[in-house]
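Biologist: I should like to learn how to read the features of a structure that is new to me. May we go through them in turn?

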Amino acid sequence: MKAVLDHVGIAVADLGAALAFYRDALGLEIEAPEEVASQRVRAQFVPVGESKLELLEATAPDSAIARYVEKRGPGLHHITLRVDDIHDALAQLNARGVRLIDQQPRPGAEGGLVAFIHPSSAHGVLVELKQSSVVGHQSVSLQASAPSPDAGVRRFTVGELELISLTDGVFRLDGGSMFGTVPKALWEEKTPVDARNRITLAMRPLIVRGARTMLIDAGMGGKDTAAFHEAYAVDRARSLDRAMAEARISPEDIDIVLASHLHFDHAGGFTYRDANGRIRPTFPRAQYIVRRGEWEDATHPHERSRAAYLADNYMPLAEAGVLQLVDEDVTVMPGVRVRRTGGHCMHHQMVLIESKGQTAAYLADLIPTTAHVPDAWIAAYDLYPMDTLGAKKRCVNEAVEKNVLVFFAHDPAIAAGYIQEQDGKRRVVAAPV
Ligand SMILES: [Zn+2]
Ligand SMILES: [Zn+2]
């Protein structure tokens, strides 16, 4: 593949101070700075011969560059290689087993196409491939030169454990089905609805880092067909791959994958289809922990549950010998244990995370969004709604009493928050990030 170095992205804490070096001390010419509001970044291109430097300064504390600088300090952020045919380049890389963040190119600035290669395959460097729409050298805006700054990475601390909330994009489900017996007139006030009566739901897997690195659920993954994506209006622009790359965690880092249950919007990312069409575990070193009852139900689905269980998401785990079935409410690693809730499905489980007197809970589909906090707001999808009600009451009481940091696996806006109760009224306060 023929490639030309297009530019080198450098994350800086202070653009003015950076220019004092690159412009004044080195004496380089600069182009006009560009502010990209949607990405909360200011970009300054500095031409150096055939290539450019791109100085990136965050304009808000929640931008990806701000988080990058906070975590690693200023420095090299990415390099961009310009290729003639990006589709061809991706096909070549795929055939060689190179891990890609973008399987398909996506639109960059000025009609160009871009795709990112995972740093784990590029020896620790985030590499962007770029195909310009016009032949020749041109300046690119930040849209084309960094992954979405909000890939949905949110970091929290619970005692000695680090929790990193990620996303695997969004999809839509029928609003009526999501709220069960609650009339549309009520739920519509809380959740916008599309022309097909669907509401938007996020998929939010969670990483817990302690004695080991654990991933709870993995979203929908990338194996599904275009028809499936259309039916559920799937948008994985903020996929788990991309979120993990932004969090600087590679699939090889994951020791344990824990399943709340095996529905496709939680277990789809457990496996992926390789270049030869074979389906393999996504996290090559991980043991996958699944509740035995849920495994039995998923492998013997009935008419009511069949649509949610797709065998490609979990059968390859058994074939690869990485499946570990558990029977009870076990401690998965120090500070992390599961608790069966039932309700949504017979063996649905939540995850309790405790360290140094602090507690967090990953509720999966027990309370999928903040709109589902009131007791009776229970999805029609739930197979055993009265069990959901009981488990929910216990969970909410504990959350209020112990000030538990609660993770909402499907909330489109709030990854985690605290449930407060006053005069019988509940509200959710989003956790600061
Ligand atoms: Zn589910
Ligand atoms: Zn779900």
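Modeller: Let us begin with a term. A residue is called buried when its relative accessible area is under 20%. Please keep in mind that this is a predicted model.

Biologist: Are His266 and Asp365 buried or exposed?

Modeller: His266 is buried, and Asp365 is buried as well.

Biologist: Which protein atoms are the donors of the zinc ion (ligand 2)?

Modeller: In general, a donor is an N, O or S atom within 2.8 Å of the metal. Here the zinc ion (ligand 2) has as its protein donors Asp265 (OD), His266 (NE2), Asp365 (OD), Asp365 (OD) and His410 (NE2), at 2.1 to 2.6 Å. Along the sequence, the spacing of these donor residues reads D-H-x98-D-x44-H. The pair His266 and Asp365 joins distant parts of the chain, 99 residues apart. His266 belongs to helix H8 (residues 264-267), whereas Asp365 lies in the loop between strand S23 (358-362) and helix H11 (385-402).

Biologist: Which residue bridges the zinc ion (ligand 2) and the zinc ion (ligand 1)?

Modeller: The bridge is Asp365, and the two zinc ions lie 3.5 Å apart.

Biologist: How does one check the span of helix H11?

Modeller: One counts 1.5 Å a residue, so the 18 residues of H11 should span 26 Å. The end C-alpha atoms of H11 are 25 Å apart, which agrees.

Biologist: Which residues of H11 are buried, and what do they pack against?

Modeller: The buried residues of H11 are Thr388, Leu389, Ala391, Lys392, Cys395, Val396 and Ala399. Their packing partners are strand S22 (349-355), strand S24 (405-407), strand S25 (416-422) and strand S26 (425-430). After H11 comes Asn403, with a positive phi near 50°.

Biologist: How many disulfides does the structure hold?

Modeller: A disulfide requires two cysteine sulfur atoms within 2.5 Å. The structure holds 0 disulfides. For Cys345, the closest cysteine sulfur is that of Cys395, 16 Å away, so the two are too far apart for a bond. Cys345 counts as buried because its relative accessibility is 1%, and Cys395 counts as buried because its value is 5%.

Biologist: Where is Arg198 placed, and why does Arg198 count as buried?

Modeller: Arg198 is in strand S12 (residues 198-202). Its relative accessibility is 11%, and therefore Arg198 counts as buried. Beyond its neighbours within four places in sequence, Arg198 is in contact with several residues, among them Arg172, Asp174, Glu230 and Tyr232.

Terms used: Residues numbered from 1 in each chain as written. Chains lettered and ligands numbered in written order. Predicted model: local features only at pLDDT ≥ 70, side-chain atom pairs only at ≥ 80, totals over all residues. Heavy atoms only, no water. Donors = N, O, S within 2.8 Å, 3.2 Å for Na, K, Ca; no water. Helix = DSSP H or I, 4+ residues; strand = E, 2+ residues; numbered from the N terminus. Buried < 20%, exposed > 50% of the residue type's maximum accessible area, 1.4 Å probe, protein only. Contact = heavy atoms within 4.5 Å. Expected span 1.5 Å × (residues − 1).
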